[in-house]
Amino acid sequence: MDAGEVLPAELAEIMARLRDQAHFMPPKQLRDVLNQAWGSDWRNSFQTFDVRPIAAASIGQVHRATIRDGRDVAIKVQYPGIARSIDSDVANVATLVRMSGLLPKSFDMAPYIQEARSQLHEETDYEREGQYMRCFADLLQGDEAFEIPEFYPDWSTPEVLTMSFLEGRSIETVRDAPSEERNRVSEALVKLTLREIFEFGIMQSDPNFANYRYDASNGKISLLDFGATRALQSSAIDGYVHLLRAGLLENDAALRNAAIQLKLVEGDGPFDDQILGMIRSVFAAILSANEFDFTDRKLSNHLNKEGMALAAAGYAPPQMPMDILYLQRKIGGMFMLATRLSASLPLKTLLEKYVI
């Protein structure tokens, strides 16, 4: 997702190269995995099965097929041995981040590395993901903005996830649509994020653009990946309510208290004023107009400049609750997607619904 505006350019280039170089399983290996999951005669149950994957990522690849009973399905097949490699792979990424100089030497990465391992191990449990897929289908029943695949447990195992196939293109193709459609799609995703936090208490925490598809024929957004779904602690939700309310009401004392509660600042830290100033600048931008223009780079440029100054001064962020980290990731991802789609949204109105 990063385009070199946050990560150092060299590290962003490495990450982009890794995304673009996903390897497919050769057909024999694919057959062996499916034989183990379904038995050696599984082909007799399919009208068609395309051995060429339609998508591939770090944990598995996706194939399109048609079951004999007529179901048009997408089948996510996990790479063999991937679960066993997670711990060493995460350690390698941690080493890369340390070498990049992106974080101060005093920053303790250990809790975050352990959390990354835990989440990735959860993502390798495809039956768990299937249950969350069903959960979100129930939560969003009747919502015309979204489509969610139907989970098929009869053809799923912890290593193979079978679901209904949904048509669609990359969500980023919406940037070529008229402004009304770009705004509608962006607003639907922002509203969904707010509902996840403040209504459901359950959040799909990975905002990777590949997890969203767009069907131009009906304007619906497909939600495809639920491996990173997590239940949120009530303390994190309450903390965000207090932070957003204080920011929208421009109540500096309440804003400081909420930031301390969320561990965004320490309360008596040498960099608290700078951090709080950055938070206030976000709310000032939201309050400055009825529509927040994501194409205006003034806010992001200001935050990047302030962040670089903090890093140069030796700022080491305090350890924060993991739920807050996941919330920040999801919110930041939605900000980046709305920016990519050149959207303008009534953020103040959207936020006020939940906190004022």
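A nonpolar core is a set of buried Ala, Val, Leu, Ile, Met, Phe, Trp, Tyr and Cys residues (buried: under 20% relative accessible area, 1.4 Å probe, protein chains only) joined through side-chain atoms within 4.5 Å. This is a predicted model, where local features need pLDDT of at least 70 and side-chain atom pairs pLDDT 80 or more, while totals for chains, interfaces and linings use all residues. Residues are numbered from 1 along each chain as its sequence is written, and side-chain values use heavy atoms, without hydrogens or water.

Q: Which helix gives the most to the largest nonpolar core?
A: That core has 52 residues, and F198, L264, I279, I324, L327 and L347 are those with the most contacts inside it. Eight of its residues come from one helix (a DSSP run of H or I, at least four residues), spanning 234-248. The top contributor is helix α7.

Q: Which residues does F198 touch, leaving out those up to four places away in sequence?
A: F198 is among the residues with the most contacts inside the largest core. Counting a contact as heavy atoms within 4.5 Å, its partners are I237, Y240, V241, L244, Y354 and V355.

Q: How many residues does the other core have?
A: This core lies apart from the largest one. Among its members are V62, I75, F165 and M334, and its count is 50 residues.

Q: Is T162 buried or exposed?
A: T162 sits in strand β6, residues 160-164. Not counting residues up to four places away, T162 touches W38, V73, A74, I75, E150, F151, Y152, W155 and S156. Because its relative accessible area is 1%, T162 is buried.

Q: What is the strand order of the open sheet?
A: Its four strands (DSSP E runs of at least two residues) pair in mixed senses, a pair needing at least two bridges. The edge strands, each pairing on one side only, are β5 (146-147) and β7 (169-170). β5 joins β10 (residues 220-223) in the parallel sense over two bridges, with E147 opposite S222. The order is β5-β10-β9-β7.

Q: What volume does the largest cavity have?
A: There are two cavities of 30 Å³ or more, a cavity being points on a 1 Å grid where a 1.4 Å probe fits but cannot get out. F136, Y212, D225 and K330 are among the residues lining the largest one, with an atom within 4 Å of a point. Taken as the space filled by probe spheres set on the points, its volume is about 80 Å³.

Q: What is the volume of the second largest cavity?
A: Its lining is L264, V265, E266, F271, D272, I275, Y315 and P318. L264 is also among the residues with the most contacts inside the largest core. The volume of this cavity is about 40 Å³.

Definitions and conventions:
On a 1 Å grid over the protein atoms alone, a cavity is a set of points where a 1.4 Å probe fits but cannot get out, and a pocket is an open set with protein on both sides within 12 Å along at least five of seven lines; lining residues have an atom within 4 Å of a point.
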